[in-house]
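Thank you all for making the time this morning. I would like to walk you through one structure, going from its helices to its sheet, and I will put it on the screen now.

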Amino acid sequence: MITHITASDADFEENRPRMFGIAYRMLGSAAEAEDTVQEAYLRWASADREEIEHPGAWLAKVVTNLCLNTLTSARVRREAYVGPWLPEPVLTGDGTLGPLESAEQRDSVSMALLVLLEQLTPVERAVYVLREAFAYSHKEIAAVLDLTEANCRQLYRRAAGRVAAERAAAPERRFEPDPERWQSLVETFMTAARDGNLARLEGLLTADVRFVSDGGGVVNAALRPILGREKVARFAVGVLKKFAGDLPVGVAEINGVPALLFGETAVLLMEFENGLVSGLSTVLNPEKLEFLRGQLSHS
């Protein structure tokens, strides 16, 4: 005889962080992730709680399938997006996206990986996120997606292979957390950029450094990535002059890497390799900063 566990709102709240974490990694949008969790609650509220044996598994299934529906329309919107598309920045020092204690956990929310996941099919992305970020077994993933375990294994191999191939073509520089070290590097970078010291700034950049700006057609931004030490140095000086003039500048951990906050107007994320800046990403689209503003107001 099976004993059913009565599901309560406490169960929903207990699983909220995981639901948001799944949705964010699936969608790359904090706003859409919040909407997804809210929709999951509406379904939860109308469900027969007596029939829900395992609330966590039930909610993960609902959220994942809602995300699959959202991704279908999101792809159309992103094809028409003006300039490079970057995920919405999220503060990660407060546990919003779950524990990020290992390099793998931090990698699961990195801008670089989330952009790569855009190239997967929605179902491949779901399998990859559940497996890589949340350590679901193939059996558990099969139950979430109503697929066979063998199919899930195949989808995971395909997704992981595509991600690995993309990374091999454009090797990523993973940031190893050392707050004192990266804060010093960031401050040195800021000083050189503010002073317009191009020689000093170029000395802080790798030869193949890349600068990506996301303005979404709402705010003026570079419509293509800026590549190379000299071009990036000049572009960074221009960006700092524009945003660091009268705005307060703060330092925070966003999507698992160090970032500069220019008031509530722009976010600049930095990646490092062997003590040099190897990648910069700036999010300027004000719509993409709404969730972060909310986080900052409560921090």
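The crossing of helices α1 and α2 is right-handed, and, since this is a predicted model, please take that and everything that follows as a description of a prediction. Helix α1 covers residues 9–27, and its axis lies 8 Å from that of α2, with an angle of about 140 degrees between the two helices. On the α1 side the contact is made by D9, D11, F12, R16, M19, F20, A23, Y24 and L27, while α2 contributes A30, E32, A33, E34, T36, V37, A40, Y41 and W44. Sorted by class, the residues of this contact of α1 with α2 comprise twelve nonpolar, one polar and five charged.

Let me stay for a moment with one residue of that contact, A30, which is placed in helix α2. Is A30 buried or exposed? With a relative accessibility of 0%, A30 counts as buried. If we set aside the neighbours within four places in sequence, A30 is in contact with F20 and Y24, and also with E88, V90 and F291. A10, by contrast, is 20 residues away from A30 along the chain, and the C-alpha atoms of the two are separated by 23 Å.

Turning to the other partner of α2, we come to helix α3, which spans residues 55–79, and which packs against α2, residues 30–46, at an angle of about 135 degrees with the axes 9 Å apart. That angle makes α2 oblique to α3. Here, too, the crossing is described as right-handed, with α2 passing α3 in that sense. The residues that α2 brings to the contact are E32, T36, E39, A40, R43 and W44, and those from α3 are P55, W58, L59, V62, V63, L66, C67, T70, R77 and R78. In terms of class, the contact of α2 with α3 is made up of nine nonpolar, two polar and five charged residues.

Now to the sheet. Six strands form an open sheet with mixed pairing, and if you follow them across, the order is β2-β1-β6-β5-β4-β3. The edges are taken by β2 and β3, each of which has a single partner strand, so one side of each is left without a neighbour in the sheet.

Starting from the β2 edge, the short strand at residues 226–227 runs antiparallel to β1 and is joined to β1 by two bridges. L227 of β2 is the bridge partner of R210, and R210 also stands opposite G279 in β6. The pairing of β1 with β6, residues 276–283, is parallel and extends over six bridges, and within β6 the bridge partner of V212 is S281. How many of the ten residues of β1 are buried? Seven of them are, so this strand, residues 205–214, is largely enclosed by the rest of the structure.

Strand β6 is mostly covered as well, with seven of its eight residues buried. One residue of β6 that I would like to single out is S281, which is buried at a relative accessible area of 11%. Not counting residues up to four places away in sequence, S281 touches L86, V212, V267, L268 and L269.

On its other side, β6 pairs with β5, residues 266–273, in the antiparallel sense over seven bridges, and F272 stands opposite V277 in β6. These two strands form a hairpin with two residues between them, and in the turn N274 has a positive phi of about 50 degrees.

Towards the β3 edge there is another hairpin, that of β3 and β4, again with two residues between the strands, and in that hairpin N255 takes a positive phi near 50 degrees. Strand β3, residues 249–254, and strand β4, residues 257–262, are paired antiparallel over six bridges. As for particular partners in β4, V251 is matched by L260, and I254 is matched by V257.

Finally, I would ask you to look at helix α11, residues 229–243, which lies across β1, β2, β4, β5 and β6 and runs at about 45 degrees to β1. With that I will stop, and I am glad to go back to any of these views.

How values were computed
Residues numbered from 1 in each chain as written. Predicted model: local features only at pLDDT ≥ 70, side-chain atom pairs only at ≥ 80, totals over all residues. Heavy atoms only, no water. Axes fitted to C-alpha atoms, helices over the stretch in contact; angles between N-to-C directions. Helix = DSSP H or I, 4+ residues; strand = E, 2+ residues; numbered from the N terminus. Parallel < 35°, antiparallel > 145°, perpendicular 65-115°, else oblique. Left-handed = near helix turned anticlockwise from the far one by under 90°. Contact = heavy atoms within 4.5 Å. Nonpolar A, V, L, I, M, F, W, Y, C, P; charged D, E, K, R; others polar. Buried < 20%, exposed > 50% of the residue type's maximum accessible area, 1.4 Å probe, protein only. Pairing = 2+ DSSP bridges.
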